[in-house]
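The exercises below concern the pockets of one protein model and the confidence that goes with it. Each task is followed by a solution that proceeds step by step.

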Amino acid sequence: MTGSFLSRRTTLGLLGAASLVPLLPVPAAADTRRAGMAADGFEWEAFRTRLDAIQGVATAPPAAVVTKGFTQGALLGNGDLGVVVGDHAADAQSFRLARMEHMGRTWIDYANEIRDSVLTLAQLRISSPDPSPAPGSVYRVTQDIRTAEVRSVVQLGGQTVTLTSWLSETGNTLVTEASTPRGAADTTLTLDLTATDSAPGHGLSYPTTASVAAGGSVLCLTREGGGGTEDWRSTQAVAVRLLGGSFSAASAGAEAATGTFTLTAGSPVTIVTEVRGDARPGAGGPSAPTLAGQAAKAALALDGHRVGALRDAHRAWWRAYWLRSYVSLGGDAELERYYYGALYVLGSCVRAGKLSPGLWGPWVTSDTNSWGDMYFLNYNFEAPFYGAGSTNRPELLRAYSRTVLDELPFQRARTAALGYRGVCFSRTFMGRHTGRSAPPATPVAPQKNPDALVDQKSNGSFAVIPAIWRWEYYREVSYLREELYPALEELAAFWDDYMTWDASASRYVVEHSGSHEGWDDFNAGLDLGYIRTVYRTLIETSRVLGVDRAVRAHRQHVLDTVSDLPTGTYAGTSVYTLAETIDPAHSAFVVGDQPINLEGVVHPAENIQRGAADADVLRAQDTLRLMNSWGHSTNGYAKTFVMAARTGWNGTDLLAKFGIQTAKRWRASNLTYEQSGGGIETVANIEMVNSMLLGGESETLSFFPGWPAERDASFTRLRTKGGHVVSGSLTDGRVGAITLVAGAAGPLRLASPWPGAAPEVRMTGAHGKPGPARKVTLVADGTYTFTAATGQTYVITRAGGPAAGGTLAGTMSRATPGDVDLTAGGGIDWVHWGRTAVGDTDRKATASPSIGALATLGLATPARLGDSKVTYTWSDGAQAAAVTATGTAVYVRGVRNGFRFTVPAVRSVRRLRIHLGAWSAEGELTATLSDGSAPVWRGTFDAAAGSAYGTAELRFAAASADATLTVTYQVRTSHSAAGDGNATLHAATLEG
């Protein structure tokens, strides 16, 4: 395997030096076009306003800045150095520094033993020796994701001080500008440069030395990592100096350096912090004093001009990063905060040529952090990269694949020593082997030792999946030939050696491999799913490369005869289970657990998803429904929602569920979601959103395949497998023009987003003007193909122009107490909900009911209302023939929760009346025609306090046959202090 971005160096020590490891460049105009990006300044000016509205904000010191897990502090990062901004006190500010390469040994509480870990590096604290009488009155820390800056407003010495901080993209330079308002008094500030305890017990030692250099103008600190596996040695140095000011006093103790200076109103002082380090296996690196000298020299070389140039480059990098792709999500501010906050985390902690982030990214704030900030291959390491392909940011997957593929030779040596061919990965590893030469070949031991391999044999095949996506999304043939394909061969070689042929059933089986950690299962779904992914990809890519024709038949035989994905029955319904035969101490289907049983099925294995056989997709959806894992707070958040999107789950319900769950554990201070089982992997739901906006399953492009038609949305330059870069919009239920830059030549298959209408495809010519229409061929119901040329831009529109001819109008009115005769108003159909139980539906006695079943949206369990002041009567019911004045209904509590149902829409006008209500809430009702022939109708109903009743009346007609009208009613705002305002549905009538 060749081609490492780190050039197979045996040291990682100078990863921060731009001269040794080039960062992803800011695209020039030509590169921009090739990447499907825009260099249009007008586009940036329009988009930046959206980013400016999305900021992390803390108005009091966050409770968990220093933590063993994922910090609540504001985040800065350049893919190498991580900085957490936050302090326990309101009258100070701290900057905690860490690097993924700074590894050593630490005490791990849960294991009650010493293990390897990423360690903290240093802390820079800004305070004042003078009292601050009311620090809470001004405290505000803002994480600005557009500029990747953190602005801290704190009271220091009685004066309001603003600190604006950012990290350079070329080298590890932290810049903080300190200023006070004009007219403020001079303020004395103190800088303390320290590290955590150098002797934390358990026989551990992290040698730390502080000093003052350059005649008292530079504060220095060095810290060593204290050894580790393979005698890993890391030494890091930090140097701090001032620009626009000077220390009036500077001193150093054994492990702390301190400087004092005066901040004058109108005269900002810039605090520059330089980090230099060396990390390698064994001795031979520069000494701590040498590194301190290098850091001090770098700090002294900076002046205002150079800092300005660094800032320009920093902002240009982030502008290019943001413009690679972006989305607009129909005014859903919470969803956009999640989406762009997650992208900010990725941009801050992942860069090509750098060490990939562990559980907490580079934001380690405790030497005894949980699980050592390691790479966990049974999901945590892969999950942050779930959306890396579709977001059109190749550097993310390049960084990931480098880490995994550089580790592979070392895992292969371990596998051979245990008696197996190929490679089987352990559950965890750290980034020590990134950029290093492969070890000498290890002969396969004659005696197999399966117990020593690992409990989950699927780890390596799981780990390679994002590396496969790098090929599928970006089509780098040299990468496929030289790196990915050989890695897949190694994984297949292991499975060929490990699987057992069951002659009685003519199938391959996998024994003694766990679905969960520590389990001993037979035919675990993880194994069977990832085996399929590995062998399928090997067959496909061998054809691309024109190699291994002789072994394709064997690989196809494995694919055809490996055991079926495990299934079972729960509550009378067919579901996917964890394994065919589970470890006796456990259950194969666990309600409320994280959906591990679907990782090898739906995602990330991508064996069953939209476009697969209907029965398989339904089984996957039923599995999700019955497991009810939406609120699983350990590992479920990064899995469940992406899986649901990939199965085609109803978009309105999925977004409601996601919004409700996200709000429960949202951290406004740094725009992240917190879960107890890990850290940065919670960014994975970028892929949920992207999968709803743009699909590429079964080699068919689909546009807004899972997005609710009643919600406007757009996406710009998302990427699909095959390398196609696509932009599109959905407005008032109608899909507009789609722009596509083809990533490969040949037939391109797409599903028409206009029901009942064919797409028209035109290639753009000079100045972006559409050329003549391309030939489009119908290949299946609603699916078409046309022949594309690599790099060419196509505009796809609805043949015959936008859909029109439908009607959809409505009114919302309040209702007074009284009785409603459903028989009189329901000439075609009527329904009433909740007469004797929450699940009851009474409807008109008719051979062809028109009003569909009521579905719940969100996470709330519906409840029954029994004291409505508006009552309902009927005399032609199917369940109960005649009922007089029932005051019953159903309701759900909480924002985003609600209901959905559908009715057929024909070409003649029909009238649908929906009898509804609310309690201390505002409800929103939407109605959408499936053929897009009329704009979406929206209405709101508000009950400011207590109960209120209303009627929505819709008049609608479709422009095409077989259309439907979808109605949703959800809690938009809760006026209740407890957040339990509710939306109520009573009945509906339909007449011509």
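**Exercise 1.** What volume does the second largest pocket have, and which residues lie closest to its centre?

*Solution.* In this predicted model, the volume of the second largest pocket comes to about 1100 Å³. Turning next to its lining, 46 residues take part, and those closest to the centre are Gly696, Ser698, Glu699, Lys721 and Gly722. Among the elements that contribute two or more residues to this lining are helix 8 (465–474), helix 10 (525–545) and helix 15 (686–693), together with strand 30 (713–719). Sorted by character, the lining of the second largest pocket holds 17 nonpolar, 16 polar and 13 charged residues.

**Exercise 2.** Describe the largest pocket by its volume, its lining and the element that gives the most to that lining.

*Solution.* The volume of the largest pocket is about 1400 Å³. Its lining consists of 50 residues, and Phe703, Phe704, Pro705, Pro753 and Pro755 are the ones nearest the centre. Elements giving two or more residues include helix 14 (651–664), strand 39 (793–798) and strand 50 (910–929), while helix 12, with 3 residues, gives the most. By character, the lining of the largest pocket divides into 19 nonpolar, 22 polar and 9 charged residues.

**Exercise 3.** Where does pLDDT stay under 50, and what is the mean pLDDT of the protein?

*Solution.* Taking the stretch under 50 to begin with, one finds it over residues 1–39, for which the model nevertheless has 103 contacts beyond four places in sequence. For the protein as a whole, the mean pLDDT is 93, and 96% of the residues reach 70 or more.

How values were computed. Residues numbered from 1 in each chain as written. Predicted model: local features only at pLDDT ≥ 70, side-chain atom pairs only at ≥ 80, totals over all residues. Heavy atoms only, no water. 1 Å grid on protein atoms, 1.4 Å probe; cavity = no way out; pocket = protein on both sides within 12 Å on 5 of 7 lines; lining within 4 Å. Points joined across faces, edges and corners; volume = space filled by probe spheres on them. Helix = DSSP H or I, 4+ residues; strand = E, 2+ residues; numbered from the N terminus. Nonpolar A, V, L, I, M, F, W, Y, C, P; charged D, E, K, R; others polar. pLDDT = per-residue confidence, 0-100. Contact = heavy atoms within 4.5 Å.
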